[in-house]
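User: Please take a close look at one residue in this model and describe its surroundings. After that, set it against the rest of the protein.

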Amino acid sequence: MASSDSPKRGLIIGCGIAGPAVAMFLRRTGIEPVIYEGREGGRDEAGSFLGLAPNGRDVLATLGIRDQIEALGIPTPKIAFHNHKGKQLGLNPQPIVTTKRGPLSKGLREAAL
């Protein structure tokens, strides 16, 4: 058992999108994050696009990295969802930032370091 003088450590499995963000929050609370990833290196070209919604960007702002991460994507004022015939099925009027998963993951890893 660790002595009370030893820093608390938090184990994080996976260094995708959530792992580095959790590591940054743990560090703020005085817990030393330790990330284990199954792959040898980052997959910085993997994945497709995703949208960072306002709530996700608020989390990034809390971590102090919102501007840094938003710079990896492009502002998207709204998103319309269409079926294969072009009929609009829905509309998300909230502004998002559209980014690729790989660069987002890399940006979060770099910020966590």
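Analyst: Arg57 touches six residues once its neighbours within four places in sequence are left aside: Leu52, Arg66, Glu70, Pro95, Ile96 and Val97. The model is a predicted one, and what follows describes that prediction.

Arg57 itself lies in helix α2, which covers residues 54–63. Is Arg57 buried or exposed? Its relative accessibility is 8%, and buried means under 20%, so Arg57 counts as buried. One of its contacts, Glu70, can be placed by distance as well. Arg57 and Glu70 are separated by 13 residues in sequence, and their C-alpha atoms are 8.0 Å apart in space.

Another of the residues in contact with Arg57 is Ile96, and Val97 is also among them. Strand β7 runs over residues 96–100 and includes Thr98. Thr98 has a relative accessibility of 18%, which is under the 20% limit, and it therefore counts as buried. Its side chain forms a polar contact with the side chain of Thr76, at 2.6 Å. Thr76 also appears among the contacts of Thr98 beyond four places in sequence, together with Phe49, Leu50, Gly51, Gly73 and Ile74.

These two residues can now be set in the whole chain. The protein has 4 helices and 7 strands, and their order along the sequence is β-α-β-β-α-α-β-β-β-β-α. Among contacts with a separation of 6 or more, 55% join residues that are 24 or more positions apart.

Arg57 and Thr98 both count as buried. For the protein as a whole, 26% of the 113 residues fall in that class. The accessible surface comes to about 7,700 Å², and carbon and sulfur atoms hold 55% of it.

The overall dimensions come next. The radius of gyration is 17 Å, where a compact globule of 113 residues would have one near 13 Å. Along the principal axes, the C-alpha trace spans about 65 × 30 × 25 Å.

Last come the charges. The protein carries 15 positive and 10 negative charges, and the mean positions of the two groups lie 10 Å apart.

In short, Arg57 is a buried residue of helix α2, with Pro95, Ile96 and Val97 among its contacts.

Methods:
Residues numbered from 1 in each chain as written. Predicted model: local features only at pLDDT ≥ 70, side-chain atom pairs only at ≥ 80, totals over all residues. Heavy atoms only, no water. Helix = DSSP H or I, 4+ residues; strand = E, 2+ residues; numbered from the N terminus. Buried < 20%, exposed > 50% of the residue type's maximum accessible area, 1.4 Å probe, protein only. Polar contact = N/O pair within 3.5 Å; in protein donor to acceptor, adjacent residues only side chain to side chain. Contact = heavy atoms within 4.5 Å. Rg over C-alpha atoms; globule rule 2.2 N^0.38 Å. Areas by Shrake-Rupley, 256 points an atom, 1.4 Å probe, with all protein chains shown as cover. Lys, Arg positive; Asp, Glu negative; His and termini not counted. Charge placed at Lys NZ, Arg CZ, Asp CG, Glu CD.
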